Amino acid sequence: MAQDQHNERTGGALGDRRPDSDRRHAHPMEYIVPGVLLVFCAVVAYLCTTFDIAPPIVVGEAMQPRSFPLFLMVLIAIFTIVLIWQIIADPPGPRERQLPQTWVTIALLGVFYVLATYADLFIALAVVICLMAFVWGERRAWLIGLVSLATPLSIFFFFDLVLKVRFPRGLLTNWYYG
């Protein structure tokens, strides 16, 4: 079975290679999103280098302001390079129409922005996680509730207690910080 799948993908028996004329090539549009991601990573990484270094008395054992975003950009860039490699190695075929859930998820990003800006980051996380789980088909209310509450709480306490990062003020963070 595995050999048949390999034969189907490669066009021959194990070890056979397709002639270059028979190989599928990725459409140039396939590289737009990875290219934009790499440019974004480069810009953010550059901007991180412009942050002032905080004196040890201010940050203590916590990370410097530039460390975490720089780490994330390097991680995203590595994943993006892997994605480009996968596109080159096995170009994707024609794509199907996007499901309505995809568009609702995009709209929920706007809802997240509004709630995070005008209410509280953690209220926004809980509401959007709850709605997104429902939109994508989860119907167990107890599980939706658990994930919607556990995720923001774990993020908050990890950053607040372990990384010693204070969050912007909002309804819940005002109450917590006093």
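1. In this predicted model, the face of helix α2 that points away from its buried side bears V36, V39 and Y46, which are exposed. The helix itself runs over residues 32-49, 18 residues in total. From the first C-alpha to the last, α2 reaches 26 Å, close to the 26 Å expected at 1.5 Å a residue.

2. The buried residues of α2 are P34, C41, V44 and C48. These residues lie on the same side of α2, because the arc they cover around the axis is only 90 degrees. An α-helix has 3.6 residues a turn, so residues three or four places apart point the same way. Part of what covers the buried residues of α2 is α4, residues 67-89.

3. T80 belongs to helix α4. Its relative accessible area is 3%, so T80 counts as buried, the cut-off being under 20%. Apart from neighbours within four places in sequence, T80 is in contact with P34, L37 and L38. Of these contacts, P34 is one of the buried residues of α2. The T80 side chain also reaches the backbone oxygen of I76, at 2.7 Å.

4. Which residues make up the largest nonpolar core? The set has seven members: F122, L125, F156, F159, L163, F167 and Y177. Helices α6 (121-135) and α7 (141-162) are the elements that give two or more residues to this core. A second core, separate from that one, has five residues, among them V44, C48, M73 and A77. V44 and C48 also appear among the buried residues of α2.

5. P152 sits in helix α7. With a relative accessible area of 5%, P152 is buried. Leaving out neighbours within four places in sequence, the contacts of P152 are F122, L125, A126, I129 and V147. F122 and L125 are also members of the largest nonpolar core. P152 and I129 are 23 residues apart along the chain, and their C-alpha atoms are separated by 9.2 Å.

6. To summarise for the two sites looked at singly: T80 of α4 is in contact with residues including L37 and L38, and P152 of α7 is in contact with residues including A126 and I129. Both sites are buried, T80 at 3% and P152 at 5% relative accessible area.

Methods
Residues numbered from 1 in each chain as written. Predicted model: local features only at pLDDT ≥ 70, side-chain atom pairs only at ≥ 80, totals over all residues. Heavy atoms only, no water. Helix = DSSP H or I, 4+ residues; strand = E, 2+ residues; numbered from the N terminus. Expected span 1.5 Å × (residues − 1). Buried < 20%, exposed > 50% of the residue type's maximum accessible area, 1.4 Å probe, protein only. Arc of directions from axis to C-beta. Contact = heavy atoms within 4.5 Å. Core = buried A, V, L, I, M, F, W, Y, C linked by side-chain atoms within 4.5 Å. Polar contact = N/O pair within 3.5 Å; in protein donor to acceptor, adjacent residues only side chain to side chain.
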